[in-house]
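Got your viewer open? Let's take a walk through this model, one selection at a time.

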Amino acid sequence: MIQALWIMVAIATLLGVILGYAAIRFRVEGNPLAEKIDAVLPQTQCGQCGYPGCKPYAEAIAKGEADINLCPPGGEEGIHKLAELLGVEFKPFGEDAQPKPKAVAFIDEQTCIGCTLCIQACPVDAIVGAAKQMHTIIAAECTGCELCVAPCPVDCISMLPLEEKLDNWKWKYPVYEMRRAA
Amino acid sequence: MRQLHRFHGGVHPPTHKAESTRTPIALAALPSRLVIPLHQHVGNGAIPVVQVGEHVLKGQVIGRPEGRQSSAVHASTSGMVTAIDMQVVAHPSGEPDLCVTIVPDGKDEWIQHEGVDPTQTSHTDLRHLLRRAGVVGLGGAVFPSDLKAYSRHHKITTLVINGAECEPYITCDDMLMRERPGDILRGAELLRELLHAEEVLIGIEDNKPQAIAAMQRAIEQDGHQHMEVIAVPTLYPGGGAKQLIRVLTGIEVAAGVRSTELGVQCFNVATAYCAWRAVAHGEPLLSRIVTVTGNVAAAQNFEVLLGTPVDELLAQAGVKPDTDRYIMGGPMMGVDLPSAAVGVTKATNCIIAASSTLFPPPPPPMPCIRCTRCADACPAELQPQELYWFAQSNNFGKAQEYHLFDCIECGACAYVCPSNIPLVHYYRYAKSEIRVRDHDKRAADQARERHEFRQFRLEREKQEKAERLAQKEREAAAAKAAVAPVATPVGASSDPDDTLQMRIDAAVERAKVQAAAAHPKNTEALTPEQQAEIAAVEARRAKIRELASDAGAEDEPPKQQ
């Protein structure tokens with residue numbers, strides 16, 4: 001009886017030591033869940049969720065502080081993905097956070113005065129220019145976050161919706177009238 | 001006799017090939033204008049190198065290849081470039097693309113061109129020549145041939161020349177093989193040399209006995225070694241590259257594997273023909289054989305200049321008035337043209353004029369009953385009923401798991417479907433959705449990287465600035481201490497506001513000296529009237545200054561110009 005007890009205590013101590021060592025040795029830096037959430041988010045860095053970027057929002061979701069329906073650029077599909085990842089119910093967008101069609105910023109170069117305010121606002125460095133020089137958007141890098149629109153003192157930045165062109169054209173969902181079986 | 005193999009599935013649609021093989025290939029009339037798209041091949045579109053108003057000669061390069069995977073585009077005839085703009089092209093989207101419009105001058109005047117002797121030319125030069133001549137796969141995939149005629153990592157044993165032409169209605173390869181077998185074979189020999197292949201297998205479906213006979217005769221006449229014409233059973237889609245390779249060699253090209261990894265490369269007969277014309281005669285790819293058939297008075301094959309508007313081509317075959325749409329390619333895999341004004345491209349092997357009597361609208365689809373006839377017909381051995389289920393419910397991940405991207409969109413599944421479901425449309429939809437999502441994902445990853453780097457950069461700049469300031473202050477303090485070690489209290493010299501004020505004062509002093517040194521220009525040799533005017537202005541200024549100082553505006557002195 002006593003011997004069995006000792007054996008159990010010894011095993012428990014041994015396992016405890018192994019687990020304790022593993023917790024230090026194989027410790028994962030950062031929150032892996034936040035990173036998984038961040039991978040799903042569209043990385044526009046627009047701040048429409050109320051957080052200063054996609055990563056802070058992902059961290060807030062991981063901590064359970066933020067809802068999953070605050071990211072309009074991700075669309076409803078983004079919410080579905082987050083719901084699936086976190087094992088929670090789908091939640092539709094609120095009224096003030098409706099997704100908009102994708103767009104890229106465009107600088108009217110005639111009006112631009114070269115103040116560099118938009119360059120400082122751009123979260124992904126997608127604006128080229130220097131003080132008192134004309135600025136322009138690198139359209140391929142622009143995430144459409146609209147953060148450059150408000151700081152412009154001469155309102156020369158507009159958001160152009162992405163047009164469908166030959167290289168981004170998609171086959172449409174087939175729509176056919178199904179015949180009812182008699 | 002060679003042992004042939006068979007591929008899974010396949011169907012036997014009515015071929016309708018006899019209509020367009022009654023007459024030989026005709027030369028299409030010179031059109032009123034040519035609309036030549038600059039992106040007629042897989043890869044990057046060509047960059048225009050001509051200008052509006054420029055006179056170009058037949059065979060002159062109008063678009064140079066850009067990047068590794070690209071091909072040149074040429075003027076198909078001599079004439080004047082009247083526009084370089086976005087125009088509707090032969091693509092199901094109906095979206096415009098960059099095109100060069102040429103109005104022919106009627107002279108059809110060639111640019112200076114001459115061929116090379118392929119035996120005396122290095123393989124690298126030959127491949128460059130193919131690229132400059134705009135030779136791409138004419139079977140429909142339009143992949144640049146110079147890239148295909150090269151295998152660095154794998155030993156190619158077999159070169160398959162594809163003359164199967166399995167799709168109904170299309171006969172352009174058939175007629176080319178009947179009429180110009182010599183150049184096709186010389187082209188095949190050239191490609192064999194480039195690939196160091198041991199044998200050339202020419203696969204032709206057995207419903208083209210005349211083409212088979214012509215090719216065999218040409219092999220004997222020209223004494224080609226290592227070449228064999230093989231009649232393959234007529235079974236759609238036996239002309240698919242993977243299917244033909246399977247039938248001829250028994251090699252199964254697995255998903256995600258290139259046939260070159262298994263020692264086989266495949267070219268279309270028309271590609272071999274054009275490769276030979278480009279190398280031996282210096283003729284770039286300017287025209288191709290197009291089957292014009294369907295709802296026309298006289299279906300036949302035309303040799304058509306690239307860029308010829310489809311409606312002008314159809315008029316020569318006598319298109320009937322009840323035609324309501326135009327199909328590019330065959331009825332199984334072809335796509336509806338957005339407009340009859342688009343130009344013929346390198347991919348245009350066939351134009352079918354369609355009417356509701358010739359191609360009655362399909363009956364409305366019914367629900368899938370999971371009979372799996374489509375799976376029996378699928379040449380890629382997929383499960384089309386499952387793919388349909390996932391595509392129509394937008395379950396793209398699952399569709400990819402079921403190898404959606406191995407689908408060659410041959411349409412055999414939709415052909416046999418008893419519920420008339422347009423299966424291929426669903427697969428195309430799912431494929432393009434997946435492509436866009438992959439693209440978005442890559443863009444998001446890039447945006448994340450850029451954002452993180454930006455934050456790192458801002459942090460770094462902040463640190464550097466702080467360091468610089470600290471350094472400067474240290475220097476300033478040291479300088480002050482050296483000049484007046486006793487008089488200046490230590491606390492005052494390290495006050496940043498103080499040093500700033502000192503610097504501002506120094507700058508103001510410098511500006512004053514500069515202003516005093518500056519002389520007004522253009523003041524020599526003035527007329528007395530001008531001098532009087534200047535004196536009046538100076539007097540007015542002096543008065544204003546006086547008034548300003550009287551008003552006590554000392555902190556805002558008037559600007560000195």
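Keep in mind that what you see is a predicted model.

**Stop 1: the sheet**

Start in chain B by colouring six of its strands. Going across, the order is β1-β14-β13-β17-β15-β16, and together these 6 strands make an open sheet with mixed pairing. Which strands sit at the edges? They are β1 (26-27) and β16 (335-336) of chain B, each with a partner on one side only.

Now zoom in on one pair. Select residues 325-328 of chain B for strand β15 and residues 350-354 of chain B for strand β17: the two pair in the antiparallel sense, over 4 bridges. Click on Met328(B) and look across to β17(B), where Ile351(B) stands opposite.

Next, add residues 172-179 of chain B. This is helix α3, which packs on the sheet and touches β13 (287-294), β14 (300-305) and β17 of chain B. Compare directions while you're there: α3 of chain B makes about 125 degrees with β13(B).

**Stop 2: two helices crossing**

Hide the sheet and select residues 123-132 of chain B (helix α1) plus residues 269-281 of chain B (helix α7). Their axes come within 10 Å and cross at roughly 110 degrees. Angles of 65 to 115 degrees count as roughly perpendicular, so that is how α1(B) and α7(B) lie to each other. The crossing is right-handed.

Show side chains to see who meets whom. From α1(B) you get Leu126(B), Leu129(B) and Leu130(B), and from α7(B) come Ala275(B), Ala278(B) and Val279(B). What kinds of residues make up this contact of α1(B) with α7(B)? There are 6 nonpolar ones, no polar and no charged.

**Stop 3: another crossing**

Move on to helix α10 (residues 384-392) of chain B and helix α13 of chain B. Here the axes come within 9 Å and cross at roughly 55 degrees, which makes α10(B) oblique to α13(B). This crossing is left-handed.

Among the residues to label on α10(B) are Pro384(B), Leu387(B) and Tyr388(B), and those they meet on α13(B) include Tyr426(B), Tyr427(B) and Tyr429(B). The full contact of α10(B) with α13(B) has 9 nonpolar residues, 1 polar and no charged.

**Stop 4: where the chains touch**

Finally, bring chain A back into view. The contact takes 22 residues from chain B and 25 from chain A. Which element gives the most on the chain B side? Helix α13 (residues 423-483) of chain B does, with 13 residues. Colour the chain B side by residue type and you'll find 10 nonpolar, 5 polar and 7 charged.

Technical notes: Residues are numbered from 1 along each chain as its sequence is written. Chains are lettered from A and ligands numbered from 1 in the order in which they are written. This is a predicted model: local features need pLDDT of at least 70, side-chain atom pairs count only at pLDDT 80 or more; totals for chains, interfaces and linings use all residues. Two residues are in contact if their C-beta atoms, placed from the backbone, lie within 7 Å. Ala, Val, Leu, Ile, Met, Phe, Trp, Tyr, Cys and Pro count as nonpolar, Asp, Glu, Lys and Arg as charged, and the others, Gly among them, as polar. Axes are lines fitted to C-alpha atoms, for helices over the stretch in contact, and angles run from 0 to 180 degrees between N-to-C directions. Angles under 35 degrees count as roughly parallel, over 145 as roughly antiparallel, 65 to 115 as roughly perpendicular and the rest as oblique. A crossing is left-handed if the near helix is turned anticlockwise from the far one by less than a right angle, and right-handed if clockwise. Two strands pair if DSSP finds at least two bridges between them.
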